[in-house]
Amino acid sequence: MEKTDARRRLAGLLTVWGITRFVLLLLVFRVLHLPGPDVTSDVWATYHGWYEVLCGGAFPADDVTWQYPPAAALTILSPALLPFLDYASAFFALAFLADLAVLVLLLHTGLRPGRSLRGAWLWTAGAALLGPTLYARYDVMVTAVAVGALVAGVRRPAVMGALTGFAALLKVWPVLLLAGAVRRRAWGAAAGTAVALSALFALAMPGAFAFLTFQRDRGTEVESVGALVLHVARQFGWPGEVQFRYGSLEFTGPYVDVVNDVALGFTVLACGWLLLWRWRAAGRLRPHTLAEAAFTAVLLFTVTSRVISPQYLVWLIGLAAVCLCFRDSRMPLPALLVLAASAVTVLEFPVRFQDVVSSTPLGVGLMVLRNGLLVTAALTAAVRLWRSTAPTPAPAPPAAQAAHDGEPAVSP
């Protein structure tokens with residue numbers, strides 16, 4: 001009976017995944033349409049433009065919208081693996097396969113004894129809630145590598161390290177997967193992989209690290225937590241504007257630099273908290289702590305970032321899903337908050353993105369709700385991670401316990 005029920009649950013999960021992904025494919029192939037800007041334009045315009053430059057043997061170092069570390073070139077070039085399709089169609093197909101890879105990894109983990117399918121369900125629902133953004137950005141490919149790293153991390157730290165080093169050169173955030181890693185093999189493999197690949201790209205193609213300058217010069221993007229201050233200030237006559245800079249829509253005007261500096265300060269505080277937690281938790285890390293620490297770290301750095309693009313939710317959903325594969329994980333509530341934030345995200349982009357850019361009451365309300373959910377998730381995850389690795393108080397001696405209970409101590 002139990003096997004029959006398990007098969008039914010698995011069949012239900014796969015059915016929901018298949019239906020939702022069919023709808024997503026209809027959206028990216030523009031058979032179905034959502035209101036707002038065309039989410040797929042980054043693929044057939046921006047990515048394809050980079051593809052042509054990369055095929056010439058160099059990085060798009062003169063394009064300030066190129067904001068990514070060198071291994072990102074592999075994802076931009078990957079549609080060449082499907083030469084029988086046009087660039088955009090091939091990219092969507094590969095993004096679909098990356099999505100499927102995440103599901104397979106979560107099922108592989110969740111079906112083990114003592115584990116749970118909650119993670120696979122969270123990925124199935126949460127990633128679908130983001131709409132066509134899931135397949136119209138290369139973040140799902142990075143997330144697949146990151147999920148693979150965490151799944152391997154408990155038993156194969158060297159494999160985790162190698163995958164983490166590779167993922168960090170696809171998009172920098174996966175370096176935070178090491179927040180809960182305790183074995184030197186994981187750190188050594190990550191560093192070795194990153195250094196070797198960096199050297200290879202630097203020697204093979206000019207402009208491999210031009211992205212560092214562009215990232216440094218980025219400002220406050222309209223969807224970030226810090227931008228809420230400027231959205232509200234606009235209601236009271238603040239003269240700032242929204243401009244397309246460095247690949248996103250950013251605020252420009254008085255006091256924007258102050259908001260940038262405050263956001264950077266909170267990022268430094270988050271880094272300091274993570275270091276303190278790691279020092280305090282030494283020796284008390286459990287198998288699921290690896291995923292929980294990564295999830296918490298990425299949440300903290302997301303909410304303190306100057307930019308929160310919709311695709312950032314893909315990372316968070318993937319990491320939260322790995323946490324929920326463990327039955328004794330303390331992250332169900334933060335994961336549900338991220339799930340709710342995903343549902344709001346598709347409303348703010350693309351459905352009502354013009355309201356966000358114009359700082360209308362509806363646009364500001366959506367950003368307050370979405371970012372409020374993310375901040376709450378980050379703080380909740382941090383508190384739960386801290387408590388889960390707190391030292392256990394030593395049991396009181398019998399005499400002291402008796403006195404505490406109001407009973408006379410018995411003399412020997």
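Where along the chain is the place of Arg30? Arg30 sits in the loop between α1 (2-28) and α2 (41-55). What we're looking at is a predicted model, and Arg30 is a handy spot to start checking its backbone. Most residues other than glycine have a negative phi, and most peptide bonds are trans. Arg30 isn't a glycine, yet its phi is positive, near 60°. With a relative accessible area of 42%, Arg30 is partly exposed, since that value falls between the 20% and 50% cut-offs.

Further along there's another case. Tyr255, also not a glycine, has a positive phi of about 75°. Its home is the loop between β2 and α11 (256-281). Tyr255 comes out at 61% relative accessibility, so this residue counts as exposed.

Step back a little from that loop and you reach a hairpin. Strand β1 (residues 241-245) pairs with strand β2 (residues 248-252) in the antiparallel sense, over five bridges. If you want to check the register, take Gln243: its bridge partner in β2 is Glu250. Two residues lie between the strands of this hairpin, and Tyr246 takes a positive phi near 50° there.

One more backbone item is about omega rather than phi. The peptide bond joining Phe349 and Pro350 is cis, with omega about 15°. Pro350 belongs to helix α14 (residues 332-351).

Now for the rings. A pair of aromatic rings is described by the distance of the centres and the angle of the planes. The count here comes to 19 aromatic pairs. Take Tyr51 and Tyr87: their centres are 5.0 Å apart with 55° between the planes, a tilted pair. Tyr51 lies in helix α2 and Tyr87 in helix α4 (residues 87-110), so this contact ties together parts that are 36 residues apart in sequence. Both Tyr51 and Tyr87 are buried.

Phe91 and Phe92 make another pair, with ring centres 6.5 Å apart; the planes meet at 80°, so the arrangement is edge-to-face. Phe91 counts as buried because its relative accessibility is 0%, and Phe92 is buried too, at 3%.

Phe91 and Phe92 also belong to an aromatic cluster, whose members include Phe29, Trp50, Trp66 and Tyr138. Tyr138 has a charged partner as well: the charged end of Lys171 sits over its ring, 5.2 Å from the centre.

Technical notes: Residues numbered from 1 in each chain as written. Predicted model: local features only at pLDDT ≥ 70, side-chain atom pairs only at ≥ 80, totals over all residues. Heavy atoms only, no water. Pairing = 2+ DSSP bridges. Helix = DSSP H or I, 4+ residues; strand = E, 2+ residues; numbered from the N terminus. Buried < 20%, exposed > 50% of the residue type's maximum accessible area, 1.4 Å probe, protein only. Phe/Tyr/Trp six-rings, centres within 6.5 Å; stacked < 30°, edge-to-face > 60°. Lys NZ or Arg CZ within 6 Å of the ring centre and 35° of its normal.
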